[in-house]
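Here are my notes on the model you sent, set out as numbered points. Please read them alongside the sequence and the coordinates.

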Amino acid sequence: MTIDKFNFSGKKAFVRVDFNVPLDENFHITDDTRMRAALPTLKKILADGGSIIIGSHLGRPKGLNEKFSLKHIKGHLEELLGTEVQFASDCASEEAAVKASALQPGEVLLLENLRFYAEEEGKPRGLADDATDEEKAAAKKAVKESQKEFTKKLASYADCYVNDAFGTAHRAHASTALIAQYFDADHKMFGYLMEKEVKAVDRILNDIHRPFTAIMGGSKVSSKIDIIENLLNKVDNLIIAGGMTYTFVKAMGGRIGDSLCENDKLDLALDLMKKAKEKGVNLVLGIDTKAADAFSNDAHTQYCLDPEIPDGWQGLDIGPKTEELFASVIKQSKTILWNGPTGVFEFENFTHGSRAVGEAIVEATKNGAYSLVGGGDSVACVNKFGLADGVSYVSTGGGALLEAIEGKVLPGIAAIQE
Ligand code: AMP
């Protein structure tokens, strides 16, 4: 079923959203992109005359933890939807069931953080560090068993299931995938956001206009190996930026001072460079760095050539020569994927490189390129610099986007499609 075709009138919809938004120490939302992204789906259901049970996770609680309560976002959701939102302070309680069953057309019920229950993820919690393999296996079996009941309970609240949580589509969790088995094909569907995400991934994987350039930034090469390897089969240019640059520079024998480096990944870096060469991929590394004498926004800075960073200094952003180099590659591209900042963009004095990359992508997009920006930090970047409207698509998925681009089948997508 597709959401456009479904008439929600008089129906209760369980909508899995990704409201895993960043909160500051006073529980104020610092970036509500993910909430806004789910609005078209929620508003369509309400406009049809349906009611909504909203399920989400927030953070990574290891049990009940006020810090991760979804009550912190209820007020903002009410503002965004322009309607009152009820709250069930335990997502799988009698209270939740009663409130869900009493919902009238146009009403919304927000469930408490699904991950307060271990059953959401289906992973045992609270195992002693010295637990034996048998104990671990028994705990896993137990949580898998109770996961069935948990999933069934969530499913029982609604007549139909809508998955609009692309951010968790790569997880086979109760509310993101398992729940779908309780609804037939005519009563389960993607939300609008999920539809757009699936289309954007398809565009990047299967409808490539060349040259195709991927810009991979962020902190560690170890977290991006699989995607880099997969991209080597697809892209014409692979720009390596951010903290992982220095693992490559060191592997080639350069001096990186105190820059971030994964010493156990030096061989891997060389191997990736070799593979790129074999596949005819232009692997583009930075040539200069904005180095700092401390990991701080107020540190002293100097520009260094990449292989010549002195001891006591660390690379926190790309330098102007690299900005120019990256921009020239980006501007000639027809398909662009950007994941991860070029530097520690959280520090104002080290945002310049990420901004320059973002601006080059916007310019390429104006000239007809298709550009996809994804991964939490890249999204924060384009939002921070006011560039989101200038790129073709900003994905709400981090890990999910990367896994999709690695070519993996995402459980949250498969559960709706099968
Ligand atoms: P990731 O989650 O792997 O995409 O990494 C994003 C993080 O990488 C951001 O928090 C950046 O501050 C960090 N980062 C980017 N460049 C550097 C760098 N040169 N040194 C240290 N951290 C960096």
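1. What span should the 12 residues of helix H11 (residues 320-331) have at 1.5 Å a residue, and how far apart are its end C-alpha atoms? The expected span is 16 Å, and the end C-alpha atoms are 16 Å apart, which agrees; the expected span is taken as 1.5 Å times one less than the number of residues, and helices (H or I, at least four residues) and strands (E, at least two) are DSSP runs numbered from the N terminus.

2. On the basis of the comments, this is a predicted model, in which local features need pLDDT of at least 70 and side-chain atom pairs count only at pLDDT 80 or more, while totals for chains, interfaces and linings use all residues. Residues are numbered from 1 along each chain as its sequence is written, and side-chain values use heavy atoms, with hydrogens and water left out.

3. The buried residues of H11 are Thr322, Glu323, Phe326, Ala327, Val329 and Ile330, where buried means under 20% relative accessible area, exposed over 50%, and partly exposed in between (1.4 Å probe, protein chains only). These buried residues cover an arc of only 165° around the axis, which puts them on the same side of H11; the arc is that of the directions from the helix axis to the C-beta atoms.

4. In H10, the residues Leu266, Leu268, Ala269, Leu272 and Ala276 are buried. Seen down the axis of H10, its buried residues fall within an arc of 165°, so they line one face of the helix, whereas the face turned away from that buried side carries the exposed residues Asp267, Lys274, Lys277 and Glu278.

5. The ligand is surrounded by 13 residues, of which the closest are Ser219, Lys224, Gly315, Glu346 and Asp377, a residue being counted as near if one of its heavy atoms lies within 4 Å. An oxygen atom of the ligand is 2.4 Å from an N or O atom in the side chain of Glu346, and a nitrogen atom of the ligand lies 3.1 Å from a backbone N or O atom of Gly243. The protein covers 81% of the 510 Å² of accessible area that the ligand has on its own, by the Shrake-Rupley method with a 1.4 Å probe.

6. Asp32 has its place in the loop between strand E1 (12-16) and helix H1 (33-37), and is buried, with a relative accessible area of 15%. The side chains of Asp32 and His76 are joined by a polar contact of 2.7 Å, that is, a pair of N or O atoms within 3.5 Å, of which, within protein, one must be able to donate a hydrogen and the other to accept it.
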